[in-house]
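Q: Please look closely at the strands in this structure and at what lies against them. Cover the helix contacts as well, and end with a pocket.

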Amino acid sequence: MQCVLIANRGEIAVRIIDTLRQLNIKSALVVSDPDRESLAAELADIVVPIGGQSALESYLDVNKILQAAKKVDADGIHPGYGFLSEKVELVEACEQANIKFIGPSKKAIEIMGDKIKSRQLMISGNVPVVPGFDLHESGDIGVVMEQARKLGFPLMVKAASGGGGKGMRAVYEEKDLNGAIESCQREAGSSFSDSRVFIEKLIENPRHIEIQVFGDSRGNIVHLNERECSIQRRHQKVIEEAPASFDMGELRLRMGDVAVKAARLVEYEGAGTVEFIYSSEGDFYFLEMNTRLQVEHPVTELTHGVDLVTAQIRVASGEPLTWSQEELRPKGHALEVRLYAEDPLRDFMPTPGEIVKLNWPRKRDWLRLDVGVKEYSKISPFYDPMIAKLIVHADTRYQAIDRMIKVLGELQIYGVITNQSYLIEILSQNEFQKGNINTSFIEYMEIEKGLRKKLESNLSAFLSIAPAIHNRDANLDTEHPFKVGGQR
């Protein structure tokens, strides 16, 4: 490939630009009006303004993306994650324009993007799924109630086209089921233009384990072992790590084999992730497949010494995979945290504004920063408020945790409130450090551990220097007021 158009923004756009530069491929970047002065725009070889402020007016407009690709004679389009990365419409448009979509086939995206279709396919391929049923098998609420009783409460109602925690309702009592179904259908119809829902047995307090898979156009598919993403808030991942926080033993091989089997069912090509839930009883079930690069892909890269974006581009160019399954063994432990402009004391509301002072942690061989902003960048109210991802690698999990607490404590960012202190508190919890975690861990920590009081104390310290924050010439090179942390 000579030129690749990046149909994305922020830190993932910067990350793809960096890889393209290493491969001597020209990078072209589409930018909306709020992103014309962004860090990614500064780094790209070619910038193509496509106008608009909201995602719908810019990064989600297939026609604008294709016009931009044609304008710069792009050989391929890299969608990153989010936006159009799992949209069949972009794949079809690329096919018609003879531009390579750097991602899987239309078939894979179509099937795996539909939770009902993917569930049915997994069942046909003997991949374990959570017991449940499709609501459209019967529209009679009486029949639905009967099937629900057979499954046994609690249950989970899910949207067929859901994602990002939307279109999901946990139901603990029979009297609440009909209302949950109707609410889920409304949200699914409004968010995804698809009101279909299905019902599964609710697996309470599971771990969230996912397997990175990769396939080429010649039928080779491998897995790059597991990541654990159990630290979630409202089904949104907060901290990710590789390997898992507990000893997987032979479970790693079993889960990896099942993930590859799932990928083969759709003849998967490129980078993808098969997500599982792992119950406290030791059973695992297929949850979904993300047919794109994941936000948390760096922890796999650091523990395996690979570059997944480079592999995506080479496979899209027709080259075979160069990895054998035998050599793909994790080394050490990696942790990733997502730094957001959001206020933990106001229900994690986004905090758009200008970053007026920014000091990253000092460089180390074991520290990686995937950054989407620079000093004086504006966090736009129109997009996801992610600022950066901080990733550390170490010989052991305990050492990785210590390193992450240290670099988060060094980070200085002023002008917007972030979740920096919140992340340090999670990492500092004894139960987290012992690996005693599940998808309800944050809820437990917020309720049982008095996290709000700690954050309120830190906020008071922050507000004491607030008048100086908006003075760009102020000397704020002092210990960050949100540094809390602690040692084991």
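A: What follows goes through the sheets, then the helix contacts, then a pocket. The model is a predicted one.

Start with the sheet whose strands are paired in parallel. It is open, has 5 strands and follows the order β3-β2-β1-β4-β5. Its edges are β3 (46-49) and β5 (100-101), each of which pairs on one side only. Within this sheet, β1 (residues 3-6) runs parallel to β4 (residues 76-78), and 3 bridges join the two strands. One residue of that pairing can be picked out: Leu5 has Ile77 of β4 as its bridge partner. Helix α1 (residues 10-22) lies across β1, β2 (26-31) and β4. The direction of α1 makes an angle of about 175 degrees with that of β1.

The other sheet to consider is antiparallel. It is also open, with 4 strands in the order β6-β9-β7-β8. Its edge strands are β6 (132-134) and β8 (168-171); each has a single partner strand, so one side of each is left without a neighbour in the sheet. From one strand to the next, the twist averages 15 degrees. Inside the sheet, β7 (residues 155-159) and β9 (residues 197-201) are joined by 5 bridges in the antiparallel sense. Here Lys158 has Phe198 of β9 as its bridge partner. Helix α6 (residues 115-124) packs on this sheet and touches β6, β7 and β9, with its direction at about 50 degrees to that of β9. Helix α7 (residues 141-151) lies across β6, β7 and β9 as well, and runs at about 160 degrees to β6.

Next come the contacts between helices. Two packed helices are described by the angle between their axes and the distance between the axes. For α1, the helix that lies across β1, β2 and β4, the partner is helix α11 (residues 308-316). Their axes are 9 Å apart and the packing angle is about 65 degrees. The crossing of α1 and α11 is right-handed. On the α1 side the contact involves Arg15, Ile16, Thr19 and Leu20, and these meet Leu308, Val309, Thr310 and Ile313 in α11. By class, the residues of this contact are 5 nonpolar, 2 polar and 1 charged.

Another pair is helix α3 (residues 62-71) with helix α4 (residues 88-97), whose axes come within 10 Å and cross at roughly 35 degrees. The crossing of α3 and α4 is right-handed. Val62, Ile65, Leu66 and Lys70 of α3 make the contact with Glu89, Leu90, Ala93 and Ala97 of α4. This contact has 6 nonpolar residues, no polar ones and 2 charged ones.

Last, the pocket. Rolling a probe the size of a water molecule over the atoms shows where empty space is left. The second largest pocket has a volume of about 220 Å³. Its lining consists of His223, Asn225, Gly249, Arg252, Leu253, Asp257, Gln325, Glu326, Leu328, Arg329 and Pro330. The elements that contribute two or more residues to this lining are β11 (221-233) and α9 (251-264). The largest share, 3 residues, comes from α9. By class the lining of this pocket has 3 nonpolar, 4 polar and 4 charged residues.

Notes: Residues numbered from 1 in each chain as written. Predicted model: local features only at pLDDT ≥ 70, side-chain atom pairs only at ≥ 80, totals over all residues. Heavy atoms only, no water. 1 Å grid on protein atoms, 1.4 Å probe; cavity = no way out; pocket = protein on both sides within 12 Å on 5 of 7 lines; lining within 4 Å. Points joined across faces, edges and corners; volume = space filled by probe spheres on them. Nonpolar A, V, L, I, M, F, W, Y, C, P; charged D, E, K, R; others polar. Pairing = 2+ DSSP bridges. Contact = heavy atoms within 4.5 Å. Axes fitted to C-alpha atoms, helices over the stretch in contact; angles between N-to-C directions. Left-handed = near helix turned anticlockwise from the far one by under 90°.
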